[in-house]
Amino acid sequence: MEKLDDIFPKSKSVDYLQTSLDKRLGPPQSYDETNLVLQLGSNDPDRLKVCVEHAVQSYSFREINLNCGCPAIESGGASTYGASLMKQPQLTGLLVDSVKRGLEAGISSESDRPNVSVKCRIGLFDDAEQMRPLEEGDYNYLKEYITTIHSAGANHVVLHARPAILSGLSPVKNRIIPTLDYDFVRSIATDFEGKVDITLNGGITKLTQLKTLQSDESSPISTYMAGRWTLRRPLDLVGVEALAKDESSASLIETNTISTALENYIDYTLSMTTLPSHKQRFTTADLCLPLYLVAEQLKDDWDYDEEDNPSQDAPLLSYDEIESLYDVIRDGIIHLQDCHNKGGKKAKNSNNVYKQISTSIKCLAGTKVVNKWKRNRAEL
């Protein structure tokens with residue numbers, strides 16, 4: 001998600017915007033993505049239109065999404081975008097219209113334009129003391145809100161199946177404490193069936209749960225979204241892809257999909273770190289983070305005990321496969337250390353590959369950074 005005030009401040013020109021996009025997406029001439037969604041947070045229709053117009057002239061996106069779901073203003077969350085916009089349906093409609101007009105100005109062919117979508121909550125309360133079960137009035141408000149943004153040009157709405165608390169709860173607690181209500185989302189999807197695609201977001205944490213949701217052929221929900229689950233357990237994307245293709249996850253593993261993906265990513269990190277400093281888009285820590293997240297999942301799966309974790313899915317990988325992937329990551333980290341001339345500390349137990357990887361990543365990214373990753377991952 002990109003806040004408009006960060007990538008295109010009021011005092012800056014479109015040249016500044018282009019530089020901001022370059023830093024995040026790379027130079028337009030080397031950009032080859034076709035399936036990205038650009039999510040923007042703003043309450044300024046005029047600047048939003050200019051931003052969208054310029055962005056789609058330089059890059060291709062599958063969808064432009066307006067963030068109307070980030071909560072918790074007083075605890076460091078959104079004050080000029082996000083869930084606060086749900087209190088202003090007309091302004092939200094103007095913002096959606098601005099996105100639509102930006103696409104029309106930036107791309108002449110209607111068939112080539114990205115979709116326009118909005119991500120929001122199923123309800124909102126000003127503070128935690130007001131929080132209560134959602135009622136018919138809340139449903140009618142959300143229905144009118146979606147009607148307004150659909151009329152303005154949005155054909156897809158991502159609904160986080162919890163209400164937002166605008167103050168009194170941190171962003172982390174806003175993802176945990178408000179009660180999930182999937183039936184609320186299903187009812188909205190029924191009311192807008194054939195008009196607006198509804199994606200259910202929130203609380204999806206494992207493959208068996210996703211499979212159960214997808215197997216309900218009577219559900220009017222178009223698609224499902226999970227963000228933090230796949231940050232905590234990135235290798236579960238193998239299973240997600242298998243579900244999408246209606247195949248067994250084992251068939252993907254047998255073709256070394258994970259190992260190949262890791263090797264390709266390591267090759268990419270090495271190519272990035274050998275660039276001149278003025279051409280580098282990512283810090284060493286940025287490049288190490290995905291490897292850290294994969295290593296943490298492998299450790300969790302190695303230590304998995306069904307009796308201790310009855311609510312969790314069994315690991316997709318065998319012990320032999322986990323060991324093989326550990327070796328791929330360890331070898332990649334060694335190459336990264338060589339590029340940075342950091343031999344790193346040797347773990348006390350040389351047979352503990354996880355400890356070797358953890359120590360080496362701390363050497364590359366910094367102990368404080370890795371400890372922050374560990375805290376953040378615990379909140380996912």
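1. Let's start with charge. I count 42 positive and 54 negative side chains in the protein chain, and the centres of the two sets sit 8 Å apart. Keep in mind that this is a predicted model.

2. On the surface side, about 19700 Å² of the protein chain is exposed, with carbon and sulfur atoms supplying 47% of that area. As for the inside, 44% of the 380 residues count as buried.

3. Now the overall fold. The protein chain holds 16 helices and 7 strands. Its radius of gyration is 22 Å, close to the 21 Å from the globule rule for 380 residues, so the chain is as compact as a globular protein of that length. Measured out along the principal axes, its C-alpha atoms fill a box of roughly 60 × 55 × 40 Å.

4. How much of the contact set is long-range in sequence? Taking contacts in the protein chain with a separation of 6 or more, 72% are between residues 24 or more positions apart.

5. One helix to look at is α14, residues 319-339. With 21 residues at 1.5 Å a residue, helix α14 should span 30 Å, and its end C-alpha atoms are 31 Å apart, which agrees.

6. Which residues of α14 are buried? They are Ile322, Leu325, Tyr326, Val328, Ile329, Gly332, Ile333, Leu336 and Gln337. These buried residues pack against three helices: α12 (257-273), α13 (284-302) and α15 (353-365).

7. Finally, check what comes after the helix: α14 is followed by Asn341, which has a positive phi, near 55°.

Notes. Residues numbered from 1 in each chain as written. Predicted model: local features only at pLDDT ≥ 70, side-chain atom pairs only at ≥ 80, totals over all residues. Heavy atoms only, no water. Helix = DSSP H or I, 4+ residues; strand = E, 2+ residues; numbered from the N terminus. Rg over C-alpha atoms; globule rule 2.2 N^0.38 Å. Buried < 20%, exposed > 50% of the residue type's maximum accessible area, 1.4 Å probe, protein only. Contact = heavy atoms within 4.5 Å. Areas by Shrake-Rupley, 256 points an atom, 1.4 Å probe, with all protein chains shown as cover. Lys, Arg positive; Asp, Glu negative; His and termini not counted. Charge placed at Lys NZ, Arg CZ, Asp CG, Glu CD. Expected span 1.5 Å × (residues − 1).
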